[in-house]
Amino acid sequence: MAVYIARRAGIPTALISGRRSTATTARAKELGIKDLYQRKGSKKIAFEKLLKKYKLLPQQVAFMGDDVIDISVLRLAGVAVTVPHAPDYVKQYVDIITIREAGMGAAREFVDMVLVAKGLDPVELTYK
């Protein structure tokens, strides 16, 4: 629901994964995420492609990650977010640590923070 609400609020969402997975592809399709990058190597390359595509500066983008492969992007993003179970060496690069764990509402928690900061009501952005 968080991705749907973000899209309704005009906030583009993307998914960058360090490995190719049919489950990730299916989940991105189910969520309506059009920007899906799955590959081995640095996530920074995909992040830079997204910046160029949307004509954004890194400071204008939030990124949520929870492992060592995410650090290169966490260091660039305007808002860096992780989850409570992330290793301490990841946590040192973030601005926000969610209360909820990955897969248990962490993305929704962060999307709601963004919406509230923008003065938007998540309830008003749901199905009507």
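Visitor: What is the order of the strands in the open sheet, and which pairing do they have?

Guide: The order is E3-E4-E5, with parallel pairing, in an open sheet of 3 strands. Strands here are DSSP runs (E, at least two residues) and helices are runs of H or I with at least four, numbered from the N terminus. Please note that this is a predicted model, where local features need pLDDT of at least 70, side-chain atom pairs count only at pLDDT 80 or more, and totals for chains, interfaces and linings use all residues. Residues are numbered from 1 along each chain as its sequence is written, and side-chain values use heavy atoms, leaving out hydrogens and water.

Visitor: What makes E3 and E5 edge strands?

Guide: Each has a single partner strand, so one side of each is left without a neighbour in the sheet.

Visitor: How do you know that E3 and E4 pair?

Guide: Pairing requires that DSSP finds at least two bridges between two strands. E3 and E4 have 3 bridges, in the parallel sense, so they count as paired. Phe63 stands opposite Ala80 in E4.

Visitor: Why is Ile69 called partly exposed?

Guide: Its relative accessible area is 36%. Buried means under 20% and exposed over 50%, with partly exposed in between (1.4 Å probe, protein chains only), so Ile69 falls in the middle class. Ile69 lies in the loop between E3 and helix H4 (71-74).

Visitor: How do you know that the span of helix H6 agrees with the expected one?

Guide: The expected span is 1.5 Å times one less than the number of residues. For the 12 residues of H6 (residues 106-117) that gives 16 Å, and the end C-alpha atoms are 17 Å apart, which agrees.
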